[in-house]
Amino acid sequence: MGMLDGRVVVLTGSGRGIGGATAKLLAAEGASVVVNDLGVALDGTEGSVGPAQELVNEITAAGGAAVANTDDIADYDAAGNLIQQAISEFGKLDVVVNVAGILRDRMIFNLSPEDWQSVLNVHMNGTFNTSKHASVYWREQRNAEAQNRIINFTSVSGQFGAPGQPNYAAAKMGIIGLTYSCANALGRYGVTTNAISPGAATRMVGSIPEERRSGGAAAAMSPDHVARVVAYIASERSGWMNGQVIGAAGPKVTLYNKPAALQELVAFPEWELDTLQEQMEKVFKPTLEGHGR
């Protein structure tokens with residue numbers, strides 16, 4: 001008996017890396033999985049059916065249940081086809097795991113509009129597209145007691161602002177906002193929405209120069225560590241957790257705080273400019289210096 005017996009899971013970007021490790025673990029724990037992967041290079045070009053089907057073959061050879069999908073989740077209708085495939089193949093949908101992503105790294109002054117938009121299309125639009133179609137399905141079920149899950153992937157690149165990844169950082173922080181919104185909106189339909197901030201030795205991390213890597217990703221960190229955290233959140237036991245960002249890097253699992261006010265200044269009836277600037281420097285500046293910001 002696996003912890004995910006009977007669960008039906010869609011995983012995007014799951015032909016390789018963290019997504020692939022997660023798909024294999026979820027299948028080993030009893031889930032039926034739809035492995036979505038375009039088989040593209042890190043920049044989103046040169047697609048191939050190979051990685052998705054190869055992983056499905058590996059899962060089914062081990063006795064698991066899986067099917068391949070090569071729909072482009074950045075396309076709204078294609079993402080709908082992905083969600084429908086899970087329902088058609090396995091009779092229902094319980095979990096969506098949004099892992100898919102690409103990199104087109106440049107400093108902000110070198111970043112083209114095309115490279116900005118391409119990264120947002122996959123990360124932000126892709127996460128929205130699958131979540132939208134899945135949420136429509138779950139809303140139609142009208143089952144507040146269900147244990148459905150959306151698990152999004154964010155990054156320390158967004159949380160802490162990687163300097164060479166303005167497109168990726170923006171998309172990953174946008175995903176956190178989307179996660180919070182879905183968590184507040186979908187609970188009544190039996191859906192929890194959380195985000196994973198991973199650190200692992202993958203093809204994507206390996207492409208980033210060492211001096212620009214965030215979060216201390218080390219070569220020894222296996223994607224399997226991240227997969228275990230995803231597996232727990234995908235299970236029915238994790239219903240107590242909603243609207244959270246969880247870090248998973250090697251053996252370390254982190255619960256991140258939500259944005260909170262550090263200091264507050266209030267004037268009545270309103271601020272005079274000279275007083276405002278004096279008080280901001282007097283109160284806010286030491287606070288930021290004390291937090292190393």
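This briefing walks through a sheet, the helices that pack on it and one pocket. The model is predicted, so keep that in mind as you turn it around on your screen. At its heart for our tour is an open sheet of eight strands with mixed pairing. After the sheet and its helices, we visit the second largest pocket, with a volume of about 390 Å³.

**The sheet as a whole**

- Reading across the sheet, the strands come in the order β3-β2-β1-β4-β5-β6-β7-β8.
- The edges are β3 (65–69) and β8 (252–255); each has a single partner strand, so one side of each is left without a neighbour in the sheet.
- From one strand to the next, the twist averages 20 degrees.

**Strand β1 and its partner β2**

- Try finding β1 (8–12): five of its five residues are buried, which makes this strand mostly covered.
- In a regular strand, side chains alternate between the two faces of the sheet.
- In β1, Val-8, Val-10 and Thr-12 are on one side, while Val-9 and Leu-11 are on the other.
- Both faces of β1 are covered, with these residues all buried.
- β1 and β2 run parallel and are joined by five bridges.
- To see the two strands side by side, look for Val-10, which stands opposite Val-34 in β2.

**The β7 and β8 pair**

- Strand β7 (residues 245–249) and β8 run antiparallel, with four bridges joining them.
- One residue to look for here is Ile-246, whose bridge partner in β8 is Leu-255.

**Helices on the sheet**

- Helix α2 (residues 50–61) lies across β2 (32–36) and β3, and runs at about 175 degrees to β3.
- Helix α4 (residues 113–141) also packs on the sheet, where it touches β1, β4 (95–98), β5 (148–153) and β6 (191–199).
- The direction of α4 makes about 175 degrees with that of β4.

**The second largest pocket**

- Lining this pocket are 15 residues.
- Nearest the centre of the pocket lie Gln-159, Tyr-256, Asn-257, Lys-258 and Pro-259.
- Two helices, α5 (156–160) and α6 (166–186), each supply at least two residues of the lining.
- The largest share of the lining comes from α6, with three residues.
- By type, the lining residues of the second largest pocket divide into nine nonpolar, four polar and two charged.

Note on methods:
Residues numbered from 1 in each chain as written. Predicted model: local features only at pLDDT ≥ 70, side-chain atom pairs only at ≥ 80, totals over all residues. Heavy atoms only, no water. 1 Å grid on protein atoms, 1.4 Å probe; cavity = no way out; pocket = protein on both sides within 12 Å on 5 of 7 lines; lining within 4 Å. Points joined across faces, edges and corners; volume = space filled by probe spheres on them. Nonpolar A, V, L, I, M, F, W, Y, C, P; charged D, E, K, R; others polar. Pairing = 2+ DSSP bridges. Axes fitted to C-alpha atoms, helices over the stretch in contact; angles between N-to-C directions. Contact = heavy atoms within 4.5 Å. Buried < 20%, exposed > 50% of the residue type's maximum accessible area, 1.4 Å probe, protein only.
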